[in-house]
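Here's a quick walk through this fold, from the overall picture down to a spot on the surface. Have the viewer open as you read.

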Amino acid sequence: MPRVGSETPGPSSSSSMASTIKAYSVPLILFVAAMFYQLFVIPKSFPVSHYDVLGIKRYSSIADAKEAYEKISSKWYSGNEVPSTDDFIKIQYAYEFLTNPSWKSNYDIFGIDEHIHVIDRVKGKYGGESFSKIKLPLLDATVSVPEDVSLNVITYKDFESILKDTRPSLIQLFSFGSKRCAQFLAVWKRIVFLLDGVANTGSVELGDLQLAAYFADKKPTGQPFFRNGLPSLVAFPPDCKTADCVIRFDGELSVDAVTDWFSTTILGLPRILYYSRDTLVPKFLSKSSPHKVRVIFFSKTGERAAPFVRQAAQSYWAYASFAFVLWQEEDSSFWWNGLGVESAPAIVFLKDPGLKPVVYHGSVNSSRFSTIMEQNKQQELPQLRSVTSMELGCDAHGYSRAGVDTTTWYCAVLAGRLGPELDKMRETMRRVQELLSNDGDLKEADKVESFSPAAVALNSRRLTFAWLDGEAQKKYCYFCLHSGNSSESIYDTCGPRRDMADVPRLFIVRYKRNFTEENLKVETKPKGIWDTMKGDDVAPASQLVARYNGSDESIQIIEWISKIIKDGDSRELPSFRTKTPELVPEDADPIWVRGAQKVLSKITIKQRIHGIIRGIYDRLGDPRNGPYLLLGALMSFGAIWLRRSRPTPPSQSNQPSQPTNDESRPKRRGRARAASNKDKPPSVTDVDPKDAFQMPFSDSDSNSE
């Protein structure tokens, strides 16, 4: 007789359970994720508030907080209840914090609590001791930032005017009751000083809720908050009008870090490198372009260049090269003997070879530095270049330095290749310029009556002295110095160096404009192909070039220049209007000029990527994620259960057996097949019609006989 008992599950039952688990894997994963959010993520993202510690509702008034604390503390001091040290610290902290109006407001609206570290500090100090030994109060409730301090506090109306300005802006968000803001006050004043003239600056107090909420970060729930607490810095790039393009500062709150971030990220300005005593000459002075003024800043702090200095480096890149040096006392004698620098901060300008450096001691602001740069951007004997020709009045397409009404003016140019010979002649020409100027020694010039035409022309700004790099500007040099008698010798002055011979040469160009012809503006048809080809390339001012062939003595040079000017002003000399070779740029555009927009676009992309990452991180702590995941788990579970609960249609294997005899099958008409199916045409069918018959042939061959 068989034994009745429980049967062990077979392979079919285990495979069925595995298939069930596999089918419900998605809702199981969603359910586990929902529980993880509810049990771990949400409590960590939303810790117990100070209101919960006092046992009152969130956003309760200060009076409610005081009343709740009195109820709790009455039990302590009556002896009915002895709190633990940790509970006492938490309750006392919550009471002191929520009874301060400024702290409570910032906590309720923006979730700011910069004193939270006090709880752990006091616990570590009084751990294991009685609560009566804890020194009270726990928090210093004195006002940290006095309200009468001038912080350039802006309101909503002031902010509207700032948005209309095209300049960038840096805004500080602070609170009068914040200790961190009070510590940052001196740093902020220094930042405002360095940004003067470069960007708009202002401060927004958290009491201005509308404006503070506009600048704050937003959680997925819409609640404003400050990711890094207070103070918080936000910047508006140039031409930024909405909060979508606002960039927030997340670094260290120091003068150097903030100004460097604003200069590079917001303004796209270049960095200026620091050099030491040993690297200044080989890595800066030797590699700088010879036609540029070297500007060296001596710093005591080692901070990076201020924004207005970087802006000057960008604006004057065609005129000057910039460097920074950290001042150290052990190197003071070296800098004093070499550059004449006594102490830092100081600015040194190195101009022409052989000239004494120009030194400015003390700190400067933006406007002062702009004035200094404008005074010292050119060398004492300026170089004739593509960027300076108009400014110097040495361009036939431009006007004299004396003004647009000047008819005749002159430009004395010393041309040659860079080297000792050219440096020596540049020193001679500087001496000539000094003798003719009012600021120079005029005693020697007054003895010679013939000096007066040159002196008057120089002082009236109708005469300009300059030097020309004959190698870099070889076409212009050839054009001005070429003549039938000396065409061979100009190769010692113009073009690439062929041998050791370098011969600087002096020439003067007289420019003369016909204002009557320009005012008439007569439009005539071109008379020939040559006139058509010339078009508007012909310079409006006629030019006459005179070449100096005398000695290198300054007196003879002055006499020659005076004679040229006297003849040019008094006599009707021949002049020519022709197309002058253009002065080629000697420096390639720096990276901040070539690709400023590209650099800013890359920075914008990085900021957007960083914003996306922060947005994902913020959404991970959204309290709605847990319920969403639980709802998804339930819905997917229900959908899978309904699909698996439907009755499956019976398969052929479960159907009753069908008769298999030939009668139950539909009869198929047999096909009459020919002996060879290959020869049958495709139009002939295999099946004969029902009424088909074979027609007999009467005239067959068998009956004909």
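## Contacts and overall make-up

Take the contacts between residues at least 6 apart in sequence: 73% of them join residues at least 24 apart. Keep in mind that this is a predicted model. The protein has 26 helices and 15 strands.

As for burial, 40% of the 705 residues count as buried. The accessible surface adds up to about 42500 Å², and carbon and sulfur atoms account for 54% of that.

## Inside: two nonpolar cores

In soluble globular proteins, nonpolar side chains tend to be buried together. Here, the largest nonpolar core has 70 residues, and the ones with the most contacts inside it are L170, F215, F262, V295, F322 and F369. Helix 9 (residues 179–194) is the top contributor to this core, with 7 residues. Apart from that core sits another one of 27 residues, including L463, W467, A546 and Y548.

Which residues does F322 touch? Leaving out residues up to four places away in sequence, F322 touches I272, F284, V295, F297, A312, A313, F369 and M373. Two of these names, V295 and F369, also appear in the list of residues with the most contacts inside the largest core.

## Outside: a nonpolar patch

Now for the surface. M17, I21 and L28 make a nonpolar patch of about 320 Å² there. You'll find L28 in helix 2, which covers residues 25–45.

Is L28 buried or exposed? Neither, quite: L28 counts as partly exposed because its relative accessibility is 47%, and partly exposed is the range between under 20% (buried) and over 50% (exposed).

Methods. Residues numbered from 1 in each chain as written. Predicted model: local features only at pLDDT ≥ 70, side-chain atom pairs only at ≥ 80, totals over all residues. Heavy atoms only, no water. Patch = residues over 30% accessible without salt bridge, like charges linked within 9 Å, V, L, I, M, F, W, Y side chains within 5 Å. Areas by Shrake-Rupley, 256 points an atom, 1.4 Å probe, with all protein chains shown as cover. Salt bridge = Lys/Arg side-chain N within 4 Å of Asp/Glu carboxyl O. Helix = DSSP H or I, 4+ residues; strand = E, 2+ residues; numbered from the N terminus. Buried < 20%, exposed > 50% of the residue type's maximum accessible area, 1.4 Å probe, protein only. Contact = heavy atoms within 4.5 Å. Core = buried A, V, L, I, M, F, W, Y, C linked by side-chain atoms within 4.5 Å.
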